[in-house]
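These exercises work through one structure, from a single residue pair up to the relation between chains. Each task is followed by its solution in steps.

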There are 2 protein chains.
Amino acid sequence: MRDDTALRATGASETLDAETLRRIDAWWRAANYLSVGQIYLLDNPLLREPLTLDHVKPRLLGHWGTTPGLNFVYAHLNRAIRARDLDMIFVAGPGHGGPALVANTYLEGSYSELYPNVGRDAEGMRRLFRQFSFPGGIPSHAAPETPGSIHEGGELGYALAHAFGAVFDHPGLIACCVVGDGEAETGPAAAAWHSNKFLDPANDGAVLPILHLNGYKIANPAVLARIDGASLVKLFEGYGYRPYLVEGDEPAAMHQRMAATLDAVLDDIHAIRLAARERGARGLPRWPMIVLRTPKGWTGPKRVDGLKVEGSWRSHQVPLAELAAKPEHLRMLEEWMRSYRPEELFDEHGALRPELAALAPAGARRMGANPHANGGLLLEDLDLPDFRDYAVAVPRPGQTQAEATRVLGALLRDVMKRNAARRNFRVFGPDETASNRLDALFEATDRTWMAERLDDDDHLAPDGRVMEILSEHTCQGWLEGYLLSGRHGLFSCYEAFIHIVDSMFNQHAKWLKVSKNIPWRRPVASLNYLLTSHVWRQDHNGFSHQDPGFIDHVVNKKADIIRVYLPPDANTLLCVADRCLRSRDLVNVIVAGKQSQPQWLSMDAAVKHCSAGIGIWAWASNDQGVEPDVVMACAGDVPTIETLAAVDLLRQHMPQLKIRVVNVVDLMTLQPREEHPHGLPDREFDAMFPVDTPVIFAYHGYPWLIHRLAYRRHNHDHLHVRGYKEEGTTTTPFDMAVRNDLDRFHLAGDVLDRLPGLGGRIGHVKQVLRDRLTEHREYIVAHGRDMPDISGWQWPY
Amino acid sequence: MRDDTALRATGASETLDAETLRRIDAWWRAANYLSVGQIYLLDNPLLREPLTLDHVKPRLLGHWGTTPGLNFVYAHLNRAIRARDLDMIFVAGPGHGGPALVANTYLEGSYSELYPNVGRDAEGMRRLFRQFSFPGGIPSHAAPETPGSIHEGGELGYALAHAFGAVFDHPGLIACCVVGDGEAETGPAAAAWHSNKFLDPANDGAVLPILHLNGYKIANPAVLARIDGASLVKLFEGYGYRPYLVEGDEPAAMHQRMAATLDAVLDDIHAIRLAARERGARGLPRWPMIVLRTPKGWTGPKRVDGLKVEGSWRSHQVPLAELAAKPEHLRMLEEWMRSYRPEELFDEHGALRPELAALAPAGARRMGANPHANGGLLLEDLDLPDFRDYAVAVPRPGQTQAEATRVLGALLRDVMKRNAARRNFRVFGPDETASNRLDALFEATDRTWMAERLDDDDHLAPDGRVMEILSEHTCQGWLEGYLLSGRHGLFSCYEAFIHIVDSMFNQHAKWLKVSKNIPWRRPVASLNYLLTSHVWRQDHNGFSHQDPGFIDHVVNKKADIIRVYLPPDANTLLCVADRCLRSRDLVNVIVAGKQSQPQWLSMDAAVKHCSAGIGIWAWASNDQGVEPDVVMACAGDVPTIETLAAVDLLRQHMPQLKIRVVNVVDLMTLQPREEHPHGLPDREFDAMFPVDTPVIFAYHGYPWLIHRLAYRRHNHDHLHVRGYKEEGTTTTPFDMAVRNDLDRFHLAGDVLDRLPGLGGRIGHVKQVLRDRLTEHREYIVAHGRDMPDISGWQWPY
C-alpha cells in the first residue's frame, strides 16, 4: 500500500498551501455544521441566539457517524475537479450520510437551483435544517431527491456496481465511489470489486473507489477495519487495484494527505487513460483506489455520559439524544456546532462567504449538477430497426416452428449495430446470452473482457457490449448505473435465478416511483428483463432451477412503473421487446422461452394482439356468434401450447362444445383499470369473459397471481387457474406440465368437470383423456423423453 | 502461494508410493467412468458388448465439465480420511457435478445402503446409469437425494457459507468445500470467504476450501482463472487464508501434488487446532486453502468435430452429442469410456474390485454416510424454558405497554443459557440484534468475533453465539449449514432487507420439500425468521427500508413447509416463538415490532389465541349474542392497534353499531383447509366471518395477499383489505399508516362506507373522522412528530 509515510517522504505534506488548506478545512467545517444542523435543528440555524430546546427537533433522525468522512471527501474532490477540470460524479455507498450530500450541494449552490425555496441565506438554511427527516420534508438518506445522486441510501451493497455502470461508455467521466466498511461486508459489494476486469480504459470512464474504514457498523466493528494492514493491502491488490492509504484524525495533516493522495490517484487514472488511448496499451490496468481510515463520527462529541462516542459505534446515529431530559446534552450540542465556527463560514445574511463559495467547481462541473447523475438529461432514443422486419412467417397458426429468443436475438443484433456509434446500448447477463439463444448479438459485438484472452475463447473483447459475469447482482447493479446515467439496456437471465436480485429490483422500483414525482429528474430508459430458460423448460436442470415467482414479486410495486409481458411466440416477443426498448421509467419483465415451438400469430396479428395486450383468438375458438360454454384462457408460451392442444382434444371429442380461447400477453390487463393503466375496462373484460361462464386459465406462473389480479372482476367466481404449483424435478418438458396439472389432458378434464350438463358422452371422453395421459406418462418413464407427437405437435386447424 | 514447485522441492513427489498412486488413480478412473455412464448410458453399463445407440439415452442431460475435478478431490480426501481418521463432509459448490457425488458414494457403498435397489453389481450399475437425469429417477445436480450432501446444486454462491455453518460447534469436523470458479464470481461466495473471521479453532471445526479453477463457465472464461497468479495469491492471502496451488493435467504428477498438498493443509489445520486447544493461542489463525487448477472436462474427449473440448468451455455439459446423427460421436464415446479401463476396475459381477473398495473409509467415516450431512440424525431437542414465565402482565387489554422483541430477548437469553453446554443454538443477523432489542442475549453470550478487539467493543468473543455480519447472504448460508448439520437457530433481520435472501430461501424451501419425501433424511430444525424493524416502523429510515413483501414470496412455496405468524403483542410473540423453536422441517416467518405499544392478551389468552391462530376478540367486540354489522379483522401489531382505535371511535360515535373484532396471528388460517394444514375449516370461517357481513381487514403487508389467501372463502366478495400500498417516506409512525389508508380514521370511514343503511348520523360521524385526521396531519407537519394521544394511546375498555 502506498501509505501516507511514502507520500510524506515525497513532499506530499506541502501539497496544499496554507491558504488553500485553511479554505478546504473551512468548507469541511461548513459541511459538518450544516450536517449537524439538519439532524438537530428546527430553527436558530446560525446560532445567533443561545440554543434552546425550542430550536431542536422533537425526534432526532439521522446518521452522523459516516457524515464527516463524506464531507471530507467531497471537499477534496471539489479541489481536484477545479484543478483538473474533471467530469465527476459522487456515489455515496454509505447512503445514511444523506446530510453530507445535502450539505455539500447546498454549499456549492446546486441544491438551491433545484429547490429555490431553500435559498442560500439564513431563511434557506432554516428550511434546509427543518426539512431533513421531517414529515413533508426530505428523506434521511441519499435518495432521488438528492442532487447529484444515482444511488439510494437504503439497502447496502450496490454502490460500486452502480459507479461502474455509470462510467461504461462515458470515457470522460470519473465516478468517485465511497464504499462504507459496513457495505464492504455484503456479497454484492465483495463481487463488484471485480468490475475492473470489465472496464475498458480506451472507451470507458473510470471509477475511483474510496473504501471508508470508520471502524464500526451499528453495534459491531467492521470486518475490514479489523484485519491486519498487510492483509488489507493484499486483498485489494488481489482484486487488481493499487491501494493508497489515508489514515488519521488530525485535520490539517489529513487534508495534506488526502490532497496529495487524490493528486496521485488522479495522475494514475490519467496515465492509464493516456496509455490506452494514445499508446494503444492492452491488458488489464491496475486502477488506483483509496483506503480512508478516519474516526466514526469524526469531529463530533468525544465522550457523552462518560462513554466514548467519536471513534466508536456509539456515533452511528445521533451522538447526543434525550436533549429535553438532559440539559447538559443541549449544551454539548451547541458547543459541538459552535466548534465549527459558523461565524467564519457564513456572512451576515447566512450565505457561504465568497472565498469559500469559490471552492466549488462551476456550473455542471459541480457534482450536484453533473448531468450524468440525472441521466434523463443525456438520454437519446435508441435507433431501432422496424421489428416487423424480423417476423417469422406464419401463414397459418401452428404451422411454423421457431425459437422465440433466437428471433429476438436478430433484432437485438441490429439494435446493437445501429447504435454502435452512439455507444448507448448494452446487454447484461450471467453467462447466458448464448445459452438463451441470443447469440446473433455476437455478429455485432463481443463479450466485454479485459483480462487474459486465449485462442479458444468465444467473442471476448475489451470493448464488447455484452456484459457477462456470474453475478446477477453485478449485472443488475451495472445496468442500473448504466440506465440512471442516461443509456439503454437489457438483462437476460434464467427465470428462477432472477430472484437473486429481488431486493435490488425493489430499490430500483422505489427509485423510479419517487423520481417520477421530482420535476427536475428527467425520465430514464426502462429496466428490461428478459426471463428465459423458464420454469417449464428447466426440466433438464431440475427443481432448483424452477421458479416463476419473480412476477409475483414485481407486481407488488406501484402499478404505474411495472409491466409484465408473456408473449406466446416469436412475433409477439418482437412486438413486446420493441415496446419495452422505447419505454421510459418502467420496469418491464418479459418471460419468453427459447425452445423451438409452434408459432401462432403473423406479424400483423401479433401487433394487434400486443397492442390490446389481451384478446380472443377467433381462429382457435368455435363460439362465433354464440355465447361460449367455456373460456379457455392462457398466458405464457407453454400454457398457450397446452391450452390449444386441450381445445383440439375437446373439439375432436366434444364438437358441440362452444369454446372461446383468450390469450393474455400483457398480464396487467387483468387488473381493473383503476388499479393499473393497462387494466381492461370492466365492460370489455365482461364481454371477453361472460359473467357466468367458466374460465379455465392456464398460466405460466403460480396460479394465485391470476386470482389476485382478477379478484375484482365480475367473473371471478368462475375462474379456475392452473399454473406452477411447485412440483418439479429432472424430467421431460411435457412431464413438467403433467406434474402441475397444466397439461392438455388436465386442462380438457377441467373443462368437463365444470360443465356437468354436457350429458352422456362426458364419461367416455374423460376416460379417453385419462388413457391418453397414462399412455404419455408410461412412454416418458420408459423412454426418458416425451412422445414425438407431443414435442412435435402442431395446431391442426 | 505455496505452489507445487515448493512442494516438489521438499520431496512431495514421493508422497504416494507406486501402488497407492495406482489405486487412487484407479478409483478416480472408476468415478469418471461411472460419471460418464450416468450421463450417457441406459444399458450395457460395463461395455461388455460394443456400444450401440440403443444403449444410449435419448436425451443427454448432465454436466461433465466440473465432474472429473470433483472425482479427483473425492478420491484424495478418502486417502486422507483413512490415514488420519478424519471426520469430514464434502460440500460440492459446483452442484452441476451431481454425477461425481453419486459415483463416489456408489463406489464407497453408502449409495447402495440408502438405495438398495441400486446394488453394487452390474444390474445396480445399469440402474445407477439409467436413473440419472431420467424421468422417475434422480436430479442431474447434487440434491437432497444425494448421500452426504447438505448443499443443493442449483443456484450458485452458497457452498462456502454452508460449509462454515456446518462446522460451527462441531469441533471435530472438517468440511471440504469445493468452490467452482463460476460460483466464485457471485457476491455471496465473495463475501463468504470472510467467514474465517467468525470461526473459533478452539470450539469449531474447520473448513478446507478448494477453489477449483477449471477456467470456464458456460461460454465464458472465469474471472479468477484469468487474473495473474500473483494477484490470485494476494486475493486469498488478503481474505486471510494460506493458499496452496495444485496445478496440472498429467494424472500421475497431479496425484502426487494433490496428496502432498492435502497432507500439508491437514497438518496446518491440525496445528491450528492444537495451538488453540492445547496452548490457548488467540487471534485469527491463517487457515489453509487450495487452488486446484485442472482442465475443464479433464480426461474427456480432447477435440470433437475439430474443436477443442477438454480444457475448454465446450466441455461444460455433454462433450459428445447428436449421437444418432453422428456415428463417429458414438464411437468416440465408447473409446472415451474404455479409456478408463473398466475391466480393471470392476469384477465379473460388476462390483468394484476389493483392493479399490478398500480405499474407501469405513462406516460413518465415508463422506456419503457422515451423519453431519444428514443432520436430523444428530439433532437434539432444545432445552426450552417455559415461555409463560416471560409473560407481560396484562390485567386488562391495552393497559400495559411493552416492547415485544425485548420480551422475546429474555426468552432467547435463557434458551441460550440452557443450551450452552450442548452448543446447539445460535442467533444470526446483520448487526441488528441490539437494534432489534434482543440485547438480553448478551447477558448469556457474546457476538462471535475472531479478529482484533478493542476496549470500546460491545460483547465480542471468539466463542460468542450471536453471529453478526453485514451480509444477509452469509447469515442465511451459515444458518442453513448449521441447521442441516443438526442444530437450531434464529435469523433476526429488518423486514425490508430479508428480500436479499429471497432466492436462498427458495432453495432451502425446495430442499425441505424434497427431503421430507426421502425416508433416510431425518427431520431438521426449522429455519426461523424474526422480521422486526418492520415496514410500519421504518418511518425514520424512509421509503427504501419499507417493504413487507417477503411474506408474499414465502407463501408461494409448498404449504406444508411454510408458516407465517403476525403476533399482535409480546405474549403472543412468546407463544409463537416457542412453537417455532420446537418445530421441524419448516420455514417459520415471524413479523413483530420492537416499539413500545399496548399489550392486549394475558398469557392465558395468548396461548389460546395462538393455538387457534385466529379468533374473535370478544372483549373488543360488542356483537355478543347478535349477528355483527361489520367484522373488523386485523393481522400484525400496527394494524391491530389501528383497528382497535377505529373500533373505539365507532363505539363512541355509533354505539348502536355491532362490531366484531377478529385477530389473525397465523396467516395460514385464512387459506382453505385443503390448501394448508392450518387452514380454518370453512364452517368455522363462515361462523367467524358471516357470509354477507362486510369485513374491513387491516393487514400488515400488501393487501392483495389476503385476497389471495381468502379468495375461496364464502365471504370473499365482502372482504375489504387495507395494507401497505407502497406509500412511504421519512415521516412519523402514524403518518405511515395514514399514507396507506391503514389508520384508525380511514378504517372507521371504511366501515361507514360499507353500511349505507346506518341513517342520518353517518354524515356527521364521517365529518368528525375527517376533522380528526386533518388535525393529526397538521400537527405532524407542524411538530415533526405524532400527537401524544396517538403514540401513547391505550385501549379504553
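**Exercise 1. Describe the contact between domain 1 and domain 2 of chain A, starting from the pair Arg426(A) and Asp169(A).**

Solution.

Step 1. In this predicted model, Arg426(A) and Asp169(A) form a salt bridge, with 2.8 Å between the closest N and O atoms.

Step 2. Place the domains along the chain. The assignment for chain A gives domain 1 as 12-374, domain 2 as 397-597 and domain 3 as 616-791. By these bounds Asp169(A) belongs to domain 1 and Arg426(A) to domain 2. Across the interface of these two domains of chain A, the rule finds four salt bridges.

Step 3. Add the polar contacts. Between domain 1 and domain 2 of chain A there are 21 residue pairs in polar contact, both residues at pLDDT 80 or more.

Step 4. Look at the side that domain 1 of chain A presents to domain 2 of chain A. Helices α7 (159-167) and α8 (187-192) of chain A each supply at least two of its residues. The largest share, six residues, comes from α7(A). By class, the residues of this side are 21 nonpolar, twelve polar and eight charged.

Step 5. Give the extent. The centres of the two domains of chain A, taken over C-alpha atoms, are 34 Å apart. Domain 1 of chain A brings 41 residues to the contact and domain 2 of chain A brings 34 residues. About 3100 Å² is buried between them, and carbon and sulfur atoms give 60% of that area.

**Exercise 2. How many salt bridges does a search of the whole structure find, and which parts of chain A does the pair Arg366(A) and Glu113(A) tie together?**

Solution.

Step 1. Over all chains, the search finds 111 salt bridges.

Step 2. One of them joins Arg366(A) to Glu113(A), where the closest N and O atoms are 2.8 Å apart.

Step 3. Locate both partners. Arg366(A) lies in the loop between α13 (354-357) and β8 (400-403) of chain A, while Glu113(A) is in helix α5 (residues 110-114) of chain A, so the salt bridge ties together parts 253 residues apart in sequence.

**Exercise 3. Characterise the interface of chain B and chain A.**

Solution.

Step 1. Count the residues. Chain B has 119 residues in contact with 119 residues of chain A. The area buried between the chains is about 9800 Å², with 55% given by carbon and sulfur atoms.

Step 2. Count the pairings. The rule finds 18 salt bridges across this interface. Among them is that of Lys557(A) and Asp547(B), at 2.7 Å from N to O. There are also 66 residue pairs in polar contact between chain B and chain A, both residues at pLDDT 80 or more.

Step 3. Assign the chain B side to helices. At least two residues each come from α8 (187-192), α9 (229-238), α16 (502-515), α17 (550-554), α22 (704-710) and α25 (761-783) of chain B. With seven residues, α16(B) gives the most. The residues of the chain B side divide into 44 nonpolar, 37 polar and 38 charged.

**Exercise 4. How is chain B related to chain A?**

Solution.

Step 1. Chain B is superposed on chain A by a rotation of 180° with 0.0 Å of shift along its axis, at an RMSD of 0.0 Å. The two copies are thus related as by a two-fold rotation axis.

Step 2. Find where chain B comes nearest to the axis. The nearest C-alpha in chain B is that of Gly187(B), 1.9 Å from the axis.

Step 3. Compare the two sides. Since 100% of the interface residues of chain B are also interface residues in chain A, the copies meet through the same surface.

**Exercise 5. Describe the surroundings of His746(B).**

Solution.

Step 1. His746(B) is in helix α24 (residues 744-753) of chain B.

Step 2. Its side chain makes a polar contact of 2.5 Å with that of Asp743(B).

Step 3. Leaving aside residues up to four places away in sequence, His746(B) touches Val738(B), Asp741(B), Leu773(B) and Arg777(B).

Definitions and conventions:
Residues numbered from 1 in each chain as written. Chains lettered and ligands numbered in written order. Predicted model: local features only at pLDDT ≥ 70, side-chain atom pairs only at ≥ 80, totals over all residues. Heavy atoms only, no water. Least-squares fit on C-alpha atoms with pLDDT ≥ 70 in both. Contact = heavy atoms within 4.5 Å. Domains from an automatic or database assignment. Buried area = accessible area lost by both parts, 1.4 Å probe. Salt bridge = Lys/Arg side-chain N within 4 Å of Asp/Glu carboxyl O. Polar contact = N/O pair within 3.5 Å; in protein donor to acceptor, adjacent residues only side chain to side chain. Helix = DSSP H or I, 4+ residues; strand = E, 2+ residues; numbered from the N terminus. Nonpolar A, V, L, I, M, F, W, Y, C, P; charged D, E, K, R; others polar.
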